[in-house]
Amino acid sequence: PRCVLDLSHSGIVSSVVEELPDNVKAEILRCVGEKNRHELLLVCEQNEVDSRLLSALIDCYGKPNEVLAKLHALPLPESGKVAVQELAQLIEALGLDDGLRIDLSILSNTKYYNGITFKGFVDGVPESVLSGGRYDKLLRRMKKNSGAIGFAVYLDALEKLDYLFILDFSGNRVRDVSSILKLENLMFIDPTDNPLENEGLLSGNFDIDKTYVVTETPGVAWE
């Protein structure tokens, strides 16, 4: 797919290490976040921690239906099972077959984040272009009893895009520019919301360092 959203739930891995000393917990979470099995096993051995469940969690990456089946089969603590169920419910609610992955290495700051966390990726950029999650813990530190979720978009990462693509109304990539130009009520705009001349696109006079999209309403675009 052209873009991918990686999902995780901080409560899954945290449920396995929550009873450990803070320094050991931090080292284990670092290893899981880096998917560093060798160092994870070493840290567990040095601190007499059973590594089998943690090692299995490192392998939980990929298509949601496959990963959820693995997670449901693991002997997680009760809080971890609840976290898996919350993740499964979110994925079902999204209703997306493509463009979603589960990646338990997404371990945002556990002092602030709880619950669902995520990162977004697009073709042509070797790093995440957005990240976020649920951060009820942060609000509690601010003495607010409420739930919250947010995300950040990394514009500096998006600047690394070096290809052109055009989208139709459904968000699908259009390969044949001339065919889309035959439709009515279309306008091509660049990332600064400036309209573009159709003739320029047909003749190939476009800047491949920009992302162009097709939109039914002028000034509205997919980012």
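This briefing walks through the sheet, the helices, the core and a few single residues of the structure above.

Welcome to this structure, which is a predicted model. Its strands form an open sheet of 6, in the order β2-β3-β1-β4-β5-β6, with mixed pairing. Helices α5 and α6 both meet this sheet: α5 lies across β2 and β3, and α6 touches β1, β3 and β4. The largest nonpolar core has 33 residues, and both helices and strands contribute to it.

**The sheet, strand by strand**

- Strands of a sheet pair through backbone hydrogen bonds, and the pairing can be parallel or antiparallel.
- A good place to start is β1 (3-9), where 5 of the 7 residues are buried, leaving the strand mostly covered.
- On one hand, β1 pairs with β3 in the parallel sense, over 3 bridges.
- Within that pairing, L7 stands opposite I102 of β3, and D6 has R101 of β3 as its bridge partner.
- On the other hand, β1 pairs with β4 in the antiparallel sense, over 7 bridges.
- Here S8 of β1 can be matched with T117, its bridge partner in β4.
- Moving outward from β3, you reach β2, which runs antiparallel to β3 and is joined to it by 2 bridges.
- One bridge to look for there links Y61 to D103 in β3.
- Further along the order, β5 (residues 130-134) and β6 run antiparallel and are joined by 5 bridges.
- In that pair, G133 has G150 of β6 as its bridge partner.
- What stands at the edges of the sheet? They are β2 (61-62) and β6 (149-153); each has a single partner strand, so one side of each has no neighbour in the sheet.

**Helices on the sheet**

- Helix α5 lies across β2 and β3, and its direction makes an angle of about 30° with β3.
- Helix α6 packs on the sheet in contact with β1, β3 and β4, and its direction makes about 150° with that of β1.

**The nonpolar core**

- In soluble globular proteins, nonpolar side chains tend to be buried together.
- Which residues touch the most other members of the largest core? They are I12, I28, L57, L71 and L104, out of 33 residues in that core.
- Many elements take part: α1 (10-17), α2 (22-34), α3 (37-46), α4 (52-58), α5 (64-73), α6 (78-94), β3 (100-103) and β4 (116-122) each supply at least two residues.
- To see how one core residue is surrounded, select L71: beyond its neighbours within four places in sequence, L71 is in contact with I12, L57, C60, L76, V84 and L104.

**Cysteines**

- C60, one of the contacts of L71, is buried because its relative accessibility is 2%, under the 20% limit.
- C3 has 37% relative accessibility, so it counts as partly exposed.
- How many disulfides does the model have? The count is 0, as no pair of cysteine sulfur atoms comes within 2.5 Å.

**Single residues worth a look**

- S14 is found in helix α1, and its 22% relative accessibility means that it counts as partly exposed.
- A polar atom of the S14 side chain lies 2.8 Å from the backbone oxygen of S10.
- S14 and S79 are 65 residues apart in sequence, and their C-alpha atoms are 8.9 Å apart in space.
- L138 lies in helix α7 (residues 136-141) and counts as partly exposed, at 29% relative accessibility.
- L138 and N114 are 24 residues apart in sequence, with a C-alpha to C-alpha distance of 9.2 Å.

**Two loop residues with positive phi**

- K35 is found in the loop between α2 and α3; although K35 is not a glycine, its phi is positive, at about 55°.
- Is K35 partly exposed or buried? It is partly exposed, with a relative accessible area of 37%.
- E48 is found in the loop between α3 and α4, and it too is not a glycine yet has a positive phi of about 55°.
- With a relative accessible area of 76%, E48 is exposed, because that value is over 50%.

Note on methods: Residues numbered from 1 in each chain as written. Predicted model: local features only at pLDDT ≥ 70, side-chain atom pairs only at ≥ 80, totals over all residues. Heavy atoms only, no water. Buried < 20%, exposed > 50% of the residue type's maximum accessible area, 1.4 Å probe, protein only. Core = buried A, V, L, I, M, F, W, Y, C linked by side-chain atoms within 4.5 Å. Helix = DSSP H or I, 4+ residues; strand = E, 2+ residues; numbered from the N terminus. Contact = heavy atoms within 4.5 Å. Pairing = 2+ DSSP bridges. Axes fitted to C-alpha atoms, helices over the stretch in contact; angles between N-to-C directions. Polar contact = N/O pair within 3.5 Å; in protein donor to acceptor, adjacent residues only side chain to side chain.
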